[in-house]
Amino acid sequence: MVEKIILPLFLLLTVIYLQCMAHKGNIVDMSMDNADNNTGVAVNCGKVDILLSWTPKELSPSGEVKIKLSYIVPFSIDGGFFNASLYFHGDDSPFLGYADNFDCDTMKQYGIQCPIKKGLRFTFTKAISNLHVLTSYPGYYDAIVQVWNSQNDEMFCVNLTLKVLEVYNGPDGY
């Protein structure tokens with residue numbers, strides 16, 4: 001049961017990262033200065049600058065989310081390792097984690113040219129309209145996602161808190 005929530009969240013974050021790399025030439029106006037109470041913002045937990053936000057802040061399984069990312073690739077990457085941990089909001093220990101290696105072949109499966117050179121600057125906006133998989137998992141969650149290249153250089157680390165809303169079906173309940 002827990003895998004049903006963590007895998008979609010990890011896949012979502014991984015797909016966002018990989019799609020950002022695939023759209024490396026696209027520059028989109030993405031000012032983080034306009035964040036408001038309806039915008040969720042990830043906290044950088046590493047040494048590399050990365051800006052990640054999403055709207056709306058509270059995710060509804062019947063809605064959509066718009067994700068914005070701004071990032072400069074700090075080191076060349078031809079593969080590496082990622083680690084993601086999911087916590088119930090406020091807990092010290094994760095209830096689920098997923099870690100794996102990836103290489104150029106994996107990156108190419110997502111249409112990403114490999115290797116990616118240091119210094120690549122990009123911003124990326126992605127709307128995800130099918131959040132139905134979150135229906136069974138309302139609540140608050142904290143996630144930490146870390147990525148390193150094959151030389152063990154930190155590519156990024158983000159810490160985010162997500163709220164998944166319950167779906168209300170009418171006056172008789174959920």
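Leaving aside its neighbours within four places in sequence, which residues is Val-158 in contact with? The legends below take up that question and a few others, using a predicted model.

**Figure 1. The surroundings of Val-158.** Setting aside neighbours within four places in sequence, Val-158 is in contact with Ala-42, Val-43, Cys-45, Ile-50 and Leu-52, and also with Ala-143, Ile-144 and Val-145. Val-158 is also one of five residues that touch the most other members of the largest nonpolar core, as the next view shows.

**Figure 2. The largest nonpolar core, with its 38 residues.** Trp-54, Tyr-71, Phe-156, Val-158 and Leu-160 touch the most other members here. Two or more residues come from each of β3, β5, β6 (79–88), α2 (104–108), β8, β9 and β10 (154–164). Strand β10 gives the largest share, with six residues. As a general point, nonpolar side chains in soluble globular proteins tend to be buried together.

**Figure 3. The two faces of strand β5 (residues 65–72).** Follow this strand and you will see its side chains alternate. On one face sit Val-65, Ile-67, Leu-69 and Tyr-71, which are buried. Lys-66, Lys-68, Ser-70 and Ile-72 point to the other face and are not buried. Such alternation between the two faces of the sheet is what a regular strand shows in general.

**Figure 4. Strand β5 and its pairing with β3 and β8.** Strand β3 (residues 50–55) pairs with β5 in the antiparallel sense, over six bridges. To find your place in this pairing, look for Ser-53, whose bridge partner in β5 is Lys-68. Strand β8 (residues 121–128) also runs antiparallel to β5, and eight bridges join the two. Here a handy landmark is Ser-70, which stands opposite Thr-123 in β8.

**Figure 5. Asn-149, a buried residue of strand β9 (residues 139–149).** Why is Asn-149 counted as buried? Because its relative accessibility is 3%, and the cut-off for buried is under 20%. A polar atom of the Asn-149 side chain lies 2.9 Å from the backbone oxygen of Ser-76. The Asn-149 side chain also reaches the backbone nitrogen of Gln-151, at 3.0 Å. Beyond neighbours within four places in sequence, the contacts of Asn-149 are Phe-75, Ser-76, Ile-77, Gly-79, Gly-80 and Met-155.

**Figure 6. The whole chain, for orientation.** Two helices and ten strands make up the list of elements, and along the sequence they follow the pattern α-β-β-β-β-β-β-β-α-β-β-β. Of the 174 residues, 39% are buried. The chain exposes about 9700 Å², with carbon and sulfur atoms supplying 50% of it.

Conventions
Residues are numbered from 1 along each chain as its sequence is written. This is a predicted model: local features need pLDDT of at least 70, side-chain atom pairs count only at pLDDT 80 or more; totals for chains, interfaces and linings use all residues. Side-chain values use heavy atoms; hydrogens and water are left out. Buried means under 20% relative accessible area, exposed over 50%, partly exposed in between (1.4 Å probe, protein chains only). Helices (H or I, at least four residues) and strands (E, at least two) are DSSP runs, numbered from the N terminus. Two strands pair if DSSP finds at least two bridges between them. A polar contact is a pair of N or O atoms within 3.5 Å; within protein, one must be able to donate a hydrogen and the other to accept it, and residues adjacent in sequence count only if both atoms are side-chain atoms. Contact means heavy atoms within 4.5 Å. A nonpolar core is a set of buried Ala, Val, Leu, Ile, Met, Phe, Trp, Tyr and Cys residues joined through side-chain atoms within 4.5 Å. Accessible areas come from the Shrake-Rupley method with a 1.4 Å probe; for residues, only the protein chains shown count as cover.
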